[in-house]
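Got your viewer open? Here is a short tour, one selection at a time.

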Amino acid sequence: MPLQYFEKWVHNHHTDSVDCIGFSQDGVFLASGSMDGTIIICDAASGTALHIIHCRSGVLALKWAPVRLHEVWCGLGDGRLL
């Protein structure tokens, strides 16, 4: 049986490819990182953008901190960690 899916909400804030996404440990937030140099933190239920963080280069990786509930770590294309 083929997988079925549906679009819950559309996120139009990034202007380049989205290279990484991740849910917070409690599932309340969704973070996405893009080659446009932005990290966007959204409410996972509604898709509303809560925070937009502008970086100097593309965002290649992100991970929610395992101990601090609402802290996200990011790796950028210029070799920096945020």
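**Stop 1: the charges**

Start by selecting the charged side chains: the chain has 5 positive and 8 negative charges, and the mean positions of the two sets are 9 Å apart. Here Lys and Arg count as positive and Asp and Glu as negative, while His and the chain ends are left uncounted. Each charge is placed at NZ of Lys, CZ of Arg, CG of Asp or CD of Glu.

A quick word on what you're looking at: this is a predicted model, where local features need pLDDT of at least 70 and side-chain atom pairs count only at pLDDT 80 or more, though totals for chains, interfaces and linings use all residues. Residues are numbered from 1 along each chain as its sequence is written, and side-chain values use heavy atoms, with hydrogens and water left out.

**Stop 2: the whole chain**

Switch to cartoon view and you'll find six strands and zero helices (DSSP runs numbered from the N terminus: strands, E, of at least two residues, and helices, H or I, of at least four). Zoom out, and the C-alpha atoms fill a box of roughly 40 × 30 × 25 Å along the principal axes.

Now turn on the surface. About 5,600 Å² is exposed, with carbon and sulfur atoms supplying 59% of that (Shrake-Rupley areas with a 1.4 Å probe). Of the 82 residues, 35% count as buried, meaning under 20% relative accessible area with a 1.4 Å probe, counting protein chains only.

**Stop 3: two rings**

Next, select Phe29 and Trp64. How far apart are the centres of their rings? The distance is 6.4 Å and the planes sit at 20°, so this pair is stacked. The cut-offs are centres within 6.5 Å for a pair and planes under 30 degrees apart for stacked. One aromatic pair turns up in a search of the whole structure.

Follow the backbone from each ring: Phe29 belongs to strand E2 (residues 29-34) and Trp64 to strand E5 (residues 59-64), 35 residues apart, so to speak a link between distant parts of the chain. Phe29 is buried at 18% relative accessibility, and Trp64 is buried at 5%.

**Stop 4: the cysteines**

Finally, select Cys20, Cys42 and Cys74. Why is Cys20 not bonded to Cys74? Their sulfurs are 6.6 Å apart, too far for a bond, and Cys74 has the closest cysteine sulfur to Cys20. For Cys42, the nearest cysteine sulfur is that of Cys20, 13 Å away. The structure has zero disulfides (pairs of cysteine sulfur atoms within 2.5 Å). Cys20 is buried at 10% relative accessibility, and Cys42 is buried at 1%.

How values were computed. Buried means under 20% relative accessible area, exposed over 50%, partly exposed in between (1.4 Å probe, protein chains only). Rings of Phe, Tyr and Trp (its six-membered ring) pair if their centres lie within 6.5 Å; planes under 30 degrees apart count as stacked, over 60 as edge-to-face and the rest as tilted.
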